[in-house]
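Work through the exercises below with the sequence and the structure side by side. Try each task before reading its solution.

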Amino acid sequence: MRRHTGTVQIGTLTLSSEEPVAVQSMLNTHTLDTEACVEQAIRIIEAGGQLVRITAQGVKEAENLKNIRDRLRGRGYTTPLSADIHFTPEAAMVAARYVEKVRINPGNFADKRAVFRRMEYTEESYAEELQQLREKFTAFLDVCREHRTAVRIGTNHGSLSDRILNRYGNTPEGMAEATLEYLRICRDTGFRDVVISLKSSNCRIMVTAVRLLVQAMEREGMEYPLHLGVTEAGEGEDGRIRSAAGIGCLLNEGIGDTIRVSLTEAPEREIPVARLLTDVCIPRYEQHRTTVSGTQTCPFIVADVSAEETIDEKVTAALDFRDPGEADPALGLRLSAGRKAPEMIYTEALGPEWTKLPEETIVVVPYANLDVACIYNRNASPLMTAATYKKHKTTAGRFRFVELNDVAELDAELTAALKQDKKAVAVLSSVPDYARYRSWPDLLLRSGLPELPVIIRVKPEQFEPDRTPLEIAAHTAGLFIDRLAAGLWITFPGAGNSLTALELSRNILQSVGARRYKAEFVSCPGCGRTLYNLEEAVSRVKSAFAHLDRLKIAVMGCVVNGPGEMGDADYGYVGAGNGKVNLYKGQQMVKTAVPESEAVAALEQLIRENGEWTERLVLTENDINTSVK
Ligand code: SF4
């Protein structure tokens, strides 16, 4: 069941909790290039897009929306259009006459660009700004009402007004309050055709901000529908997983009436991903959900290699266990764990190779195999059903993993045994099902087991490469966003998928900011403001800096919104127009108008100057042969 929302009519599209979740995308063609806009809009519509957004950076572009709309209607496409406005309320006024919806950004509709200076606001000066905002926004709503145009109040982390920054900081609370300032005007003036979004490239911030706003709307009796999205999600697998984590978490909580998956790819490629997310999520809204926040800040991974036929050196290398080159005199030959190595391994195939695992790595085995496993690895720990755990009351094993498939298994006897056992770990096992996983933390708390570590074990019935990873990200990320789970264990059916499951676990934990296994790249999807070929720039930046696994690098299409919205990136590569790029260190612009052909080298230089450069590891053929021998 979804959160109840009122009906908003956007041309031929009806948004409400009674309608299926709508999917949409945005053009990245230049708004004055009517032909290119029309052709790209058609590609989005034919892929299944139900709303097409177009940027209108000024009045001239807003005027051209009429031509784009007329050409589309002339070719028989009735899909509604939405204008995207920043900084230019005049353009919003014009666009409202031509398209079915206008998105405004509360951070820059009535307020000037934030200057991020600490300014003191008295109650009077704060109220005065709010009054100016009310006047400007009410005039805009009047135009929308006259033309039956819907409005999206689209708040972004990174482009909040100075007024909000001053009082709330660049926080989820600030995002919610910035939105409420506008929603209260809509409510007071009886304007109902409003949709809301609160976006960030950081899934935790985006999810927290949306939940806060929903709670505030419940308190204030507001039922406006929500548009969900993770900004600057990037491209490829990482962009998809990051979007699935943030959007999927909220869809599973029954929040969201329309979604956009922002990828730095052709916009029509966003639609199947968005549709897949709406298909795999199971909305279950709880009106008075209390958002529990746990303490598990550094979750670990259990790599399930039980379906691997042999655990040879190739597999251990993929797990990121490496031969240190010399034997430890006390322990014999031991592998060492790289930064990406899983903290735990689950296996049924036991053999001498397990003696070589790093000292700290835990090997989990079925209870029946524990005695043999202990011969090869003193860190071996049993995996038991609840019934076996209660029956055998074993004290063997470094930890004791108790697999639970249903809350009913946590009876009084098991609860009492777990309370006594400081080495017990609960493994909550299920097909991907967010609500099922979520039901556990509360139950454990009520059962007097708040300290019991919880691992989420995901066991999908089948593995479909395009679907299963997104489904798992959508159903598990919320647990890690709220720091409720100590570990993630993905078991794919069939042989040969162990390493895919491991990589997915890493991607999910990285997407919610819980772990960092590789360099992180964020990039905007591009729009009519994009000042260069974004996909090519992302590809160049990724290939030059992928080995800098401690850094987060943003590639943004324009200087208007890019710097504010690249969030907490360590470095920024931002299109400045005329074949030039501006480079940022954090929020600080440090090199301007660098020719695009020199920009990657200039960014490398900047990273070197800041002492954050490491050389690429280049493996020779000899190294490879030695490592797999
Ligand atoms: S950062 Fe600029 S180019 Fe990129 S999507 Fe936002 S407005 Fe468009």
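**Exercise 1.** In this predicted model, find the turn of the hairpin formed by strand 25 and strand 26, and describe how the two strands pair.

*Solution.* Begin with strand 25, residues 580–585, and strand 26, residues 588–595, which run antiparallel and are joined by five bridges. Next, follow the pairing across to a single position, where L583 stands opposite K591 in strand 26. Finally, look at the two residues between the strands, where G586 in the turn has a positive phi of about 60°.

**Exercise 2.** Locate the largest nonpolar core and explain why it lies between two domains.

*Solution.* Start from A95 and L277, the residues with the most contacts inside this core of 157 residues. The largest share, 10 residues, comes from helix 7, which covers residues 203–219. Domain 1 (22–224) and domain 2 (300–511) both give residues to the core, and therefore it lies between them. As a closer look, A95 touches A56, A62, L65, A83, I85 and V102, if residues up to four places away in sequence are not counted. Another core, of 31 residues, lies apart from this one and includes F521, M566, Y573 and V574.

**Exercise 3.** Describe how domain 1 meets domain 3, and then the surroundings of the ligand.

*Solution.* The centres of domain 1 and domain 3, taken over C-alpha atoms, are 25 Å apart. In the contact, 19 residues of domain 1 meet 13 residues of domain 3, and the domain 1 side consists of three nonpolar, 14 polar and two charged residues. Turning to the ligand, 13 residues surround it, the closest being C524, C527, G557, C558 and N561. By class, this shell has six nonpolar, five polar and two charged residues.

Notes: Residues are numbered from 1 along each chain as its sequence is written. This is a predicted model: local features need pLDDT of at least 70, side-chain atom pairs count only at pLDDT 80 or more; totals for chains, interfaces and linings use all residues. Domain bounds come from an automatic or database domain assignment. Two residues are in contact if their C-beta atoms, placed from the backbone, lie within 7 Å. Ala, Val, Leu, Ile, Met, Phe, Trp, Tyr, Cys and Pro count as nonpolar, Asp, Glu, Lys and Arg as charged, and the others, Gly among them, as polar. Two strands pair if DSSP finds at least two bridges between them. Helices (H or I, at least four residues) and strands (E, at least two) are DSSP runs, numbered from the N terminus. A residue is near a molecule or strand if its C-beta atom, placed from the backbone, lies within 6 Å of it. A nonpolar core is a set of buried Ala, Val, Leu, Ile, Met, Phe, Trp, Tyr and Cys residues joined through C-beta atoms within 7 Å. A residue is buried if 20 or more other C-beta atoms lie within 10 Å of its own, exposed if 12 or fewer, and partly exposed in between; C-beta atoms are placed from the backbone.
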